[in-house]
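Visitor: I am new to reading protein structures, and I would like a close look at one part rather than a quick tour of everything. Could you pick a place where two helices meet and walk me through it slowly?

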Amino acid sequence: MRSRKPAVLVAAAVCGCLALAGCGGGPSAAAGKFSDGKVVIGLLNDQSGVYKDVSGPNSKVAIQMAIDDYKAKYGAKAVAKTIEIVTADHQNKPDIANTKAQEMYDRQNADIILDVPTSSAALAVATVAKAKRKLFIDITAGTTALTGKSCNKYTYAWAYDTAMLAKGTGEAVVKNGGKSWSIVYPDYAFGQNMNKSFTEAVTGAGGTVQQSISTPFPNDNFATFITKAASTNPQVIGIMAAGGDLINFVKQYNQAGMQSKAQLAVGLMFITDIHSLGVDQFAGTSFTDPWYWNLDAQNKAWSDRFLAKTGTRPTFAHAGNYSAAMNYLEAVQAAGTDDADAVRKQLDGKKINDVFLRNGEVRSDHRVVHDVYLVKVKSKSQVTQPWDYEKIVATIPAADAFEPVSVDCKM
Amino acid sequence: MSAFVQYTVQGLAAGGFYALAALGLAVIFGVLGVVNFSHGACYMLGAVAAAVLLDVLHVHFWVALAIVPVLLFLVGVLMERLLIRWLLRLDPLYNFLLTFGLSLILVDVVKRRYGVSGLPYERPAGMTGQVHLGGIGLPTYSVFVCLFSLLICGVVWVLLTKTRVGMIVRACTEDADRSRALGINVGRWVTPVFGFGIALAGLAGVMAAPFRAITADMGGNFVIILFAVVVIGGLGSILGAVAAGFLVGLVEAYGQAYAPTFAQVAIFVLMAGVVLFRPAGLFGRDETA
Amino acid sequence: MLEIAGLSAWYGEARVLQNISLSVHAGEVVTLVGRNGAGKTTLLRSVMGLHRQVEGAVRFDGSALGHRSPDSRARAGLGWVPDDRGIYASLTVSENLLLPPVVHPEAWSLDRVYQAFPVLADRRNSMGTQLSGGEQQMLAIARVLRMGSRLLLLDEPSEGLAPVMVQRIGEIICDIKAAGVAVLLVEQNVKFAATVADRHYLLAQGQVVESLSNKSFQSRESELLTYLGI
């Protein structure tokens, strides 16, 4: 037995390196003006992994709220009598997202797919939507390619993109005196995209990026990268990691005593990140938020409903899913059918003001532009109630927040 | 130069986690012949336990450092008594698969209960600043992690070399069957040794709590590196596990600093090299206790 | 003291011991002689409980060993000295000696061990495997004497040792015998076996083919040498 121990241990190390595939989603029964007599909304997102809390199963609750509101608004006049939600877990993998999206459109008769975090997965679903001529509204993925060179007639981007985050945070921080930057970004599609967007935004606003440091993804030890980022004494360190990696970075950033030496700017932050790390660790950090639950009475009222159903405050992704579902159902109502092309004509160019979108407009490239907010994380003493973490520093008007319509987008 | 010292301290701090956890893995592997894949999950449990204790019972970091290993010891005892024990007579692969499955269950249970975005943890008092050594500023907590993990490894070392229990554990680690034939009731030591190994993983978890994201998945990557550490150090070699732990920490830090693209690959290249040229590991055969 | 009746052993499907019956009495040195692969070591391992695919009865000191674990057999008085000597590399010489529990009132004290084996006393703080082969063999024997084993299972103690060392091992075995301890010795060195043993069992293809007194063993030495192919 001893002699085989090395083999077993090496095998163990090798097996461990192999990622595991899982399963998710269940089949559902599937027949006008309405393709099968009903409207089916597919929610395709991360139900178990790193983005589960950001969007995940609670987005179904948000979509159900939209269905309830639609039925309450139109009552007997509602053209969509039966509305179903089907869900699936794409585990943030583009291949699984591709398979699940086909399954949703073909077998589960989904009329639309919503959410889809992770850029590569969202791009995979956009391709499927285009081929199947069915609708897809992306909420949680941030790639500009969805409305750039990969844009198509059936795909919409509802909430944010990396360019908007970079423009918002990058320009604002430079204008406030944070001219020299070190950027630390995870070495995969999202991180590279963010690094590029932020570098453009910072230099465009008159700042300089001294160095861009790539890190492995995922990664739990950033100590060396932080030392390196600090080595050129920048005024601002920009971190483009998300989720658990972001938390790792910020913990170690604070541990290294960096708060007093450089200002921290976070590329993409969800309120769940602040909640999980504790407001103290993020206090004073700047970032751009597409939506905040406690912005005003309207947001607060909707968030209270959400809280009653889920026990937690909504992220911008939850509100985005609600808004996308609601506007889709409104478009179905206006078109009188769930035919994708008819519904699409109702959505295109629409101006929207709802709980999620202020001064919103569905642009010709299907990028939904709206007011976004430059925020700073409150210090512990400023927090007056649970989840009350953000202080709105400025509202960035819809027209300035996003990049202009991309020349790469040809539908 | 100053940056080099910083990278070294950071490497040793990261190595401290690996050394502690690998020490537990090596002892379990040696005495039970079990490749404990759930070691990463137990490291995660240690961090989660510290966070929950702080949140619910306001148990301070320094107290958690003492309590959590005891809790994890009990978890280890339960795992061994209820599960591991029944497969010890079979091919070691069975227990590897069992602990692999167990770690998936533990991770999912924590996910279900605490979500995926992580648990908050306040930085322990007195550990937030920097210490200055010859004009070089080093994070206090990194220095603490280095020293504390060295201290624990030292204490374990003394236990192993100076006590009768340690002598028996060393003997069983080297050859459990032979120790049986010399009248040692190995079965009696299996449960406490497994518990002890898990407790060390838990201790590494508590130390990680102020320093790293406390999420259900935090042990996934960690356990892979741990296996590399144990392979590099030598199978079932206690000294090897500790030395390789710090070595891998340093390789990771220098790699990140000077060749970031190869930082993670470097560890596995080192492992492959060791397996090729010294299959028993750096400290495999001629281990001197 | 040790009675084996109808013992068979398997490695998977292969039967390596067939119906072995033999006995060792108190204070007696008995050898198992046979070619490589005759099943000598498997027999010792089966007696020690290390080999578990067995059938048949093994009685020690009047009580059946049945399915008792190796450690309880060792505590009952069986002393295991394996062919690789089984010295712990990670334990010092004195730790190697002190590791096993004391199981009998007539166990040797550490002082007595050091008196009998001065070389071990000199090197008590060295790591076990830093000793020479002969020293390791002495250490392995001394270890079970300190334990107080009543029957030593010695597996090829002379293998790979210089003649002078073989002679020394022979003297030690005689001393052990004089102290009333029994020895079951596996040996290929016929000359050596003849100098220390009272009786011999010839083992071939897993069976006892002959049982000889030392006298008839000595008289047939050359025939046996040919038989063993040595």
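Guide: Here is a walk through one helix pair in chain B, followed by a short look at its surroundings. Please keep in mind that this is a predicted model.

Let's start with the chain that holds the pair. Chain B has eleven helices and two strands. Followed along the sequence, its pattern reads α-α-α-α-β-β-α-α-α-α-α-α-α. The radius of gyration of chain B is 19 Å, close to the 19 Å that the globule rule gives for 289 residues, so chain B is as compact as a globular protein of that length. Measured out along the principal axes, its C-alpha atoms fill a box of roughly 60 × 45 × 35 Å.

Now to the pair itself. Two packed helices are described by the angle between their axes and the distance between the axes. Our two are helix H1 of chain B, residues 2-32, and helix H6 of chain B, residues 164-174. Their axes come within 6 Å and cross at roughly 70 degrees. An angle from 65 to 115 degrees counts as roughly perpendicular, and H1(B) and H6(B) are therefore roughly perpendicular to each other. The crossing in which H1(B) passes H6(B) is left-handed.

Which residues meet there? On the H1(B) side, look for B:Val27, B:Gly30 and B:Val31; on the H6(B) side, they meet B:Val169, B:Cys172 and B:Thr173. Sorted by class, this contact has four nonpolar residues, two polar ones and no charged ones.

Stepping back, let's see what lies beyond chain B. Two pairs of chains touch, and the pair with the most contacts is A and B. Chains A and C, by contrast, do not touch, and their nearest C-alpha atoms are 13 Å apart.

Chain A offers a nice counterpart to the helix pair: an open sheet of five strands, in the order E2-E1-E3-E4-E5, with parallel pairing. Strands E2 (83-89) and E5 (155-157) of chain A stand at the edges with a single partner strand each, so one side of each has no neighbour in the sheet. On average, neighbouring strands of this sheet are turned by 20 degrees against each other, direction ignored.

Inside the sheet, strand E1 (residues 39-45) and strand E3 (residues 112-115) of chain A run parallel and are joined by four bridges. A:Leu44, for instance, has A:Asp115 in E3(A) as its bridge partner. Helix H3 of chain A, residues 94-106, lies across E1, E2 and E3 of chain A, running at about 170 degrees to E1(A).

How values were computed
Residues numbered from 1 in each chain as written. Chains lettered and ligands numbered in written order. Predicted model: local features only at pLDDT ≥ 70, side-chain atom pairs only at ≥ 80, totals over all residues. Axes fitted to C-alpha atoms, helices over the stretch in contact; angles between N-to-C directions. Parallel < 35°, antiparallel > 145°, perpendicular 65-115°, else oblique. Left-handed = near helix turned anticlockwise from the far one by under 90°. Contact = placed C-beta atoms within 7 Å. Nonpolar A, V, L, I, M, F, W, Y, C, P; charged D, E, K, R; others polar. Pairing = 2+ DSSP bridges. Rg over C-alpha atoms; globule rule 2.2 N^0.38 Å.
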